[in-house]
Amino acid sequence: MRPGITVSAARALAHDLVVRPRDPAEETEALLGVAGWAAQFTPRVAHEFPDALVLEVSGSLKLFGGVDCIRASLVEGCARMGFTAFAACAPTARGAAWLARAGVAPCIEHSDALESALAALPLRIAVRAADTLEALHAIGARTVGDLAALPRDGLARRFGQPLLDDLDRAHGRLADPRAFYVPPAKFHARLELPAEVTQAEHLLFAARRLFVQLEGFLAARAGGVRRLELRLFHREARMTSIPIGLVAPSRDASHFTLLARERLGTATLAGPVRALALAADDIVPLTGEPLTLFADESGRPEDWQKLVERLRARLGAASVHGVCSAAEHRPEYASRACELTLARGREKEEEEKVGLRPFWLLAAPRPIMEVGAVPHYGGPLKLVAGPERIESGWWDGSEVARDYFVAQTSEHALVWIYRARDAAGGWFLHGLFA
Amino acid sequence: MGLADPGAPLTALLARPDIRRGDALAQVASPSVPTGFAALDAELPGGGWPTGCLTELLPVHEGIGELRILGPALAALSRAGRRLAWIAPPHTPYAPALDAAGIALTQLLIVRTAAVCDALWTAEQAFASAACGAVLVWPGTAKYAELRRLQLAAGKTRALAVLFRAPRAASEASPAVLRLALHTVVGGLAVRILKRRGAVCEQPVVVNIGAPRAVDIAVPTQSPARSAHAQHCDA
């Protein structure tokens, strides 16, 4: 099968052929996305349109463990984003791009070996214009080596100087300045799905590719995100937005995937999804964690953060909280739910001595019976400590005036009860000394 | 030919944690957290609350001291920077009491769940995280298979994993490695060890979990009377 044949002719040759329209704009978009991701290896990333990127990696070899490690990371990372990539390495940018395009993907470290490697490449790699290629084929030039062997002045007259310039740039005989890619300040990537998808698992598979791209984008900027938005586009309905919040900035693609799994598991979709996009607007610097020499018993801070985020993604932020105390005499206000802290425990503040307090405080005081001046809760209660008088809150309308006692039930359990000191009076159960 | 000291290999063999002897407490592989009660430590394999496996507490009645018995261990863990996860607790844990017990409030994680399956899922996540030093779970009406799964998840953790269950669960089979029934007696809390690794424990252990001291505040001798100040504000 050759380029340029009709779809019907192709179908006749291969009956199980899958035909998909090609969208050059989307291909460029994808190439830009990969460029943003690849910027984590070097700040010098340039496009070689329409299908290649060139990275100047000589400054990054030591950090990433050599050229083979970088090539392997590039190919593997592209595979995780859903692209098939060939990585070649050469002393010149154009030479490397040609080698990669040919799919031979060798690693040439010295200029001496470059000429022979390029000479073996088929001519279609070096010459994109179809009419030039045809003319060169007609005069018997099949490889780049054949082209280089032709008289230069004749080539320049027949095909113009740009062809020779290209050849010289590939061989390193002419300077090849590049405009390096500047990543945008915000991250946005979109992925068209090959078919409409309704299952969360399939969506997650596609979303993972975007998360990998985001991870590289953030690594290039030494940043992290606190908030992501996954947008699902439907054919008819409006888009579904799935915000993902994080306790602390992160750029871990597998962690993003875990959070997205929980969110997608509970989200209701307006219909089948045909495209999805990932947006992250607020990129904050992410400081590295100091490496510790000895394994810390209490785990790393990110373990804690990831646990909290995972729980919140499934149960909702309000269901996962901490507890803090408040300087308040009224028992129901002395403890409240509060935001979880990432920091380790602070030193306890000095506070005034209060009486004995129960581990469980009931959500609301429960009235209990009084039989012959003795409070009853599953039997008569024996007062073992108290009273502790609490009178407070006359200024904000929820005044309390109570005498608290620690009482023992007939089963020897301890409860916290009080006698109301208002006109209605009566005994109330307020806590359990669990 | 026999070995020079036939007793030595046998002693070495018997010291293995996966060999259980009927007349002694089992060896434990993971470090235990001291309970803070010497009498109880003496009866528990490893000398404290085990980590990396499920411990069941079955109080005969809610509020008899099932948290106070954990108090010293929780306080020690929280001071060591470990997090304490409370999953689906029946009431609100009360900050002043936790504070008084020495538990660092910043280390607490309270998770409220609507369904039993959510609570079990949360517990599995907490076990899987290295951040938690103790995971307290109120599993409600969890079934054996679900608890079995939880026990397997707990095997990977270094945390103290405690399930609080109703007393009627004592007659059911449970995958928990340590099961303690709690009831009250004069002088403290009686801990009946239903199941442990090693020899059977016949006698309940009585633990003094701290009787409340009298609060040093004047006792009103007459019927409650409102202070003049409060009356003034009402008027």
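What follows walks through two helices and a set of paired strands in chain A, the contact between chains A and B, and the core and some individual residues of the predicted model.

Helix 4 of chain A covers residues 67-80. With 14 residues at 1.5 Å apiece, helix 4 should span 20 Å, and its end C-alpha atoms do sit 20 Å apart, so expectation and model agree. Ile70(A), Arg71(A), Leu74(A) and Gly77(A) are its buried residues. Because these four cover an arc of only 135° around the axis, they end up on the same side of helix 4. That fits the usual geometry: an α-helix has 3.6 residues a turn, so residues three or four places apart point the same way. Cys69(A) and Glu76(A), on the other side of the helix, are exposed. As for what the buried residues of helix 4 pack against, the partners are helix 2 (24-38), helix 3 (61-64) and helix 12 (200-221) of chain A. After helix 4 comes Gly82(A), with a positive phi near 90°.

Helix 13 of chain A, residues 253-266, can be read in a similar way. Its 14 residues should span 20 Å at 1.5 Å a residue, and the end C-alpha atoms are 20 Å apart, in agreement. Buried here are Ala253(A), Phe256(A), Leu259(A), Ala260(A), Arg263(A) and Leu264(A). They take up an arc of only 135° around the axis, and therefore lie on the same side of helix 13. Ser254(A), Gly265(A) and Thr266(A) are exposed on the other side. The buried residues of helix 13 pack against helix 12, strand 4, strand 5 (240-250) and helix 14 of chain A.

Strand 4 turns up again in the pairing around strand 6 of chain A. Strand 6 (residues 273-280) pairs with strand 3 (residues 187-197) of chain A in the antiparallel sense, over seven bridges; within that pairing, Leu191(A) has Leu276(A) as its bridge partner. Strand 6 is also joined to strand 4 (residues 223-234) of chain A, again antiparallel, by six bridges, and here Arg231(A) is partnered with Ala277(A). Just ahead of strand 4, in the loop that links helix 12 to it, sits Ala222(A). Ala222(A) has a positive phi of about 50° despite not being a glycine, and most residues other than glycine have a negative phi. Ala222(A) counts as partly exposed because 13 other C-beta atoms lie within 10 Å.

Turning to the contact between the chains, 59 residues come from chain A and 53 residues from chain B. On the chain A side, the elements that give two or more residues include helix 14 (301-315), strand 8 (320-325), strand 10 (360-371) and strand 12 (382-392). Strand 12 gives the most, with seven residues. By type, the chain A side splits into 31 nonpolar, 14 polar and 14 charged residues. There is strand pairing across the chains too: strand 10 of chain A and strand 3 (residues 92-93) of chain B run antiparallel and are joined by two bridges. Trp360(A) has Pro93(B) as its bridge partner in strand 3 of chain B.

Chain B itself holds seven helices and nine strands, and 44% of its 235 residues are buried. Of the contacts in chain B between residues at least 6 apart in sequence, 66% join residues at least 24 apart. The largest nonpolar core has 97 residues, and Ala85(B), Ile87(B), Val111(B) and Val135(B) have the most contacts inside it. Neighbours within four places in sequence aside, Ala85(B) is in contact with Leu109(B), Val111(B), Ala126(B), Cys132(B), Val135(B) and Leu136(B). A second, separate core of 64 residues includes Ala39(A), Val54(A), Ala87(A) and Ile283(A).

Two more alanines of chain B round things off. Ala88(B), in the loop between strand 2 (83-87) and strand 3 of chain B, is another non-glycine residue with a positive phi, about 55°. Ala88(B) is buried, since 23 other C-beta atoms lie within 10 Å. Ala73(B) lies in helix 3 (residues 71-79) of chain B and counts as buried because it has 23 C-beta neighbours inside 10 Å. Beyond four places in sequence, Ala73(B) touches Val33(B), Pro34(B), Thr35(B), Gly36(B), Trp49(B) and Leu160(B). Ile103(B) is 30 residues from Ala73(B) in sequence and 9.3 Å from it in space, C-alpha to C-alpha.

Conventions: Residues are numbered from 1 along each chain as its sequence is written. Chains are lettered from A and ligands numbered from 1 in the order in which they are written. This is a predicted model: local features need pLDDT of at least 70, side-chain atom pairs count only at pLDDT 80 or more; totals for chains, interfaces and linings use all residues. The expected span of a helix is 1.5 Å times one less than its number of residues. A residue is buried if 20 or more other C-beta atoms lie within 10 Å of its own, exposed if 12 or fewer, and partly exposed in between; C-beta atoms are placed from the backbone. The arc is that of the directions from the helix axis to the C-beta atoms. Two residues are in contact if their C-beta atoms, placed from the backbone, lie within 7 Å. A nonpolar core is a set of buried Ala, Val, Leu, Ile, Met, Phe, Trp, Tyr and Cys residues joined through C-beta atoms within 7 Å. Two strands pair if DSSP finds at least two bridges between them. Ala, Val, Leu, Ile, Met, Phe, Trp, Tyr, Cys and Pro count as nonpolar, Asp, Glu, Lys and Arg as charged, and the others, Gly among them, as polar.
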